[in-house]
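User: I am new to this structure and would like to learn how to read its features one at a time. Could you take me through some of them, with the general idea before each case?

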Amino acid sequence: MRAYGSNAPAARSTPSASTPPPSNRPSSTTSPPSTPSPSSRTSAAAPASSPASSTPPLPPILLLLHLLAPPSTAAGGPWVVLAAGAIQCFAGYFLMWLSVAGLVPRPPVALMCFYMLMAAHATSFFNTANVVTGVNNFPNYRGTIVGIMKGFLGLSGAILIQMYQTLLEDRPSAYVLMLALFPTCNTLLLMWFIRIYRETEGDEDKHLDRFSLVSLVIAAYLMVIIILDNALSLPSPARICRLVVLVMLLTSPFYVAMKAHLSDSRRISGTSFSGHQIDDSNLLAPEISDSRHAYGGYHQVPSGTFREVDTNMKDKTTSQWGENLNLVQAICTSSFWLLFIAAACGMGSGLATVNNISQIGASLGYTSSETSSMVSLWSIWNFVGRFGAGYLSEYFLHVNGWARPLIMTITLATMSIGHAVIASAFPGALYIGSVLVGVCYGSQWSLMPTIASEIFGVVHMGTIFNTIAIASPIGSYILSVRVIGYIYDVEASVEGGNSCSGTHCFKLSFLVLSSAALLGSLAALILFFLTKDFYRQAIIRRLLNSVRK
């Protein structure tokens, strides 16, 4: 299983249609580069053809973004990026632990913020290395693999909380030390298995389905644990038992990967015997026929696509999309800014909601245990959105040919409805609204990187999608501080105090958030119309080439 470190020999030496140019291979790859065929060049994400001299020099702000954004994994392999993240993670949290435990003199606030910056910055390195590697290894299932990666990231908070409550309860300083040691050791042990492979395998959809099932089981188990925590007070032995079960579930992906490795090894050994090359010309037609009827294969395409898509033609209006653009070239496109606006509205309004959900619950008369349950379950809804949007967008792309920005449009429109539900403040509105907003917020984190990789290519994907992700804190600051915070203070001053109680406290704020999500949906809709032909011609062409091979 390639994305998870299988060392199975390559089934084919020819790069797939979606493989970036051989010059971008990691240094560990020893096979000589082969020249892609003309049809591969039209369907692959090829590097920009303009000479380097035509690229304008980086302005200071873009140079800063290049320095802060995690580097491309093509330079030295994903392990380099992961190692850099591990160093930052350990340094940030360990220095925080030394300060909290009183082992060093109390640092100034600015220095403590710098420690937090290092620890938080490490997350983007882990995230970038895994997502970019997954997209490179599964070019025909980008939505599914990004959904799985981002889904586990959404669950990580709930998993760490379970570890704290079971092992380190009432010892917050020890928890900070655990954050310094556990992610760092985990990364240093496993980063050697994260590699970019340049060949495709026939059963990767089945392997991804197994990983998807595992992630759903883990999410369901965590949801049950969270509900039980808020309803019952379990003794220490019961907490230890449930943590053991959780650890066993978390190790189950290794079993899936090893099983996939053995299956692929048997398949490769069975098709390459006696040094003879197998003629697969007779197998091609059945493969296409079966895949067009197999839901699990994801190779279904809209009727007429074989006639409508010409693999030797490229629409002039979509010539820049799918190219391997760098950050400067991507910023000069309207697609970048439409995606940025959609992310700012969707991610910003979602973060503003979760940041204020406890105060919203208090103003509407919810008990502290009820608001705690909603905050705890937010990670589950976040996972459902991240995984579900990736999986469903992949399904509708392969089966119906729907451009992925259409799914973003639908999720942002649904998020707008969720904000409006919270603003209505009817009984139970916060429960329903938090579920809708949580799911739709999570979906943006899997859709945005996937769309960015498809429109702008994978060579500079890490830099580009992390630059677009800056929209999240910008949108959160504007909507959470300048909108919700300001309106709440005005309403509280009318009541003659520092707190506000009643439906009027957040009603106007969430109507503004609802409008912002609707604006993001409109930006995504424009992006959908701009890229509709590109998805039909480029993405479906790539899938057809994969089926023909």
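User: Where is Ser 453 found?

Analyst: In this predicted model, Ser 453 is found in helix α15, which spans residues 429–456.

User: Is Ser 453 buried or exposed?

Analyst: The idea is to look at the relative accessible area, and a residue under 20% counts as buried. Ser 453 has 0% relative accessibility, so it counts as buried. Once neighbours within four places in sequence are left aside, Ser 453 is in contact with Val 135, Arg 142, Val 458 and Met 461. Two of these partners also belong to a helix pair, for Val 135 of α4 and Arg 142 of α5 are among the residues that make the contact between those two helices.

User: How do I read the packing of α4 and α5, and at what angle do they pack?

Analyst: One starts with the angle and the distance between the axes, and then turns to the residues in between. α4 and α5 pack at an angle of about 155°, with their axes 9 Å apart. Angles over 145 degrees count as roughly antiparallel, so α4 is roughly antiparallel to α5. The crossing of these two helices is right-handed. On the α4 side the contact includes Thr 123, Asn 127 and Gly 134, while α5 contributes Ile 145, Met 149 and Lys 150 among others. By class, the contact of α4 with α5 has six nonpolar, four polar and two charged residues.

User: What does the crossing of α3 and α4 look like?

Analyst: The axes of helix α3, residues 78–100, and helix α4, residues 109–137, come within 8 Å and cross at roughly 155°. That makes α3 roughly antiparallel to α4. Here the crossing is left-handed, whereas that of α4 and α5 is right-handed. The residues in the contact of α3 with α4 divide into 20 nonpolar, seven polar and no charged.

User: Are α5 and α7 roughly parallel or roughly antiparallel to each other?

Analyst: The same kind of reading applies, with angles under 35 degrees counting as roughly parallel. Helix α5, residues 142–167, and helix α7, residues 204–231, pack at an angle of about 30°, with their axes 10 Å apart, and they are therefore roughly parallel to each other. α5 passes α7 in a left-handed crossing. Among the residues that make this contact are Ile 148, Phe 152 and Leu 155 of α5, together with Phe 211, Ile 218 and Leu 222 of α7. The residues of the contact divide into 13 nonpolar, five polar and one charged.

User: What can I learn from a residue such as Gly 348, and which residues is it in contact with?

Analyst: It helps to set the distance along the chain beside the distance in space. Gly 348 has its place in helix α12, residues 334–363, and at 0% relative accessibility it counts as buried. The C-alpha atoms of Gly 348 and Gly 475 are separated by 4.0 Å, although the two residues are 127 residues apart along the chain. Leaving aside neighbours within four places in sequence, Gly 348 is in contact with Ala 343, Ser 472, Gly 475, Ser 476 and Leu 479. Another such pair is Ser 369 and Asn 230, which are 139 residues apart in sequence and 6.8 Å apart in space, C-alpha to C-alpha. Ser 369 lies in helix α13, residues 368–400, and at 39% relative accessibility it counts as partly exposed.

User: Which residues other than glycine have a positive phi?

Analyst: Most residues other than glycine have a negative phi. Among the cases here is Asp 170, with a phi near 65°. Asp 170 lies in the loop between α5 and α6, and at 67% relative accessibility it counts as exposed. Ala 425 is another, with a phi near 60°, and this residue is found in the loop between α14 and α15.

User: How many helices and strands does the protein have?

Analyst: Its secondary structure comes to 18 helices and zero strands. Of the 549 residues of the protein, 51% count as buried. Among contacts between residues at least 6 apart in sequence, 83% join residues at least 24 apart. The protein exposes about 24,700 Å², and carbon and sulfur atoms supply 67% of that area.

Terms used
Residues are numbered from 1 along each chain as its sequence is written. This is a predicted model: local features need pLDDT of at least 70, side-chain atom pairs count only at pLDDT 80 or more; totals for chains, interfaces and linings use all residues. Side-chain values use heavy atoms; hydrogens and water are left out. Axes are lines fitted to C-alpha atoms, for helices over the stretch in contact, and angles run from 0 to 180 degrees between N-to-C directions. Helices (H or I, at least four residues) and strands (E, at least two) are DSSP runs, numbered from the N terminus. Angles under 35 degrees count as roughly parallel, over 145 as roughly antiparallel, 65 to 115 as roughly perpendicular and the rest as oblique. A crossing is left-handed if the near helix is turned anticlockwise from the far one by less than a right angle, and right-handed if clockwise. Ala, Val, Leu, Ile, Met, Phe, Trp, Tyr, Cys and Pro count as nonpolar, Asp, Glu, Lys and Arg as charged, and the others, Gly among them, as polar. Buried means under 20% relative accessible area, exposed over 50%, partly exposed in between (1.4 Å probe, protein chains only). Contact means heavy atoms within 4.5 Å. Accessible areas come from the Shrake-Rupley method with a 1.4 Å probe; for residues, only the protein chains shown count as cover.
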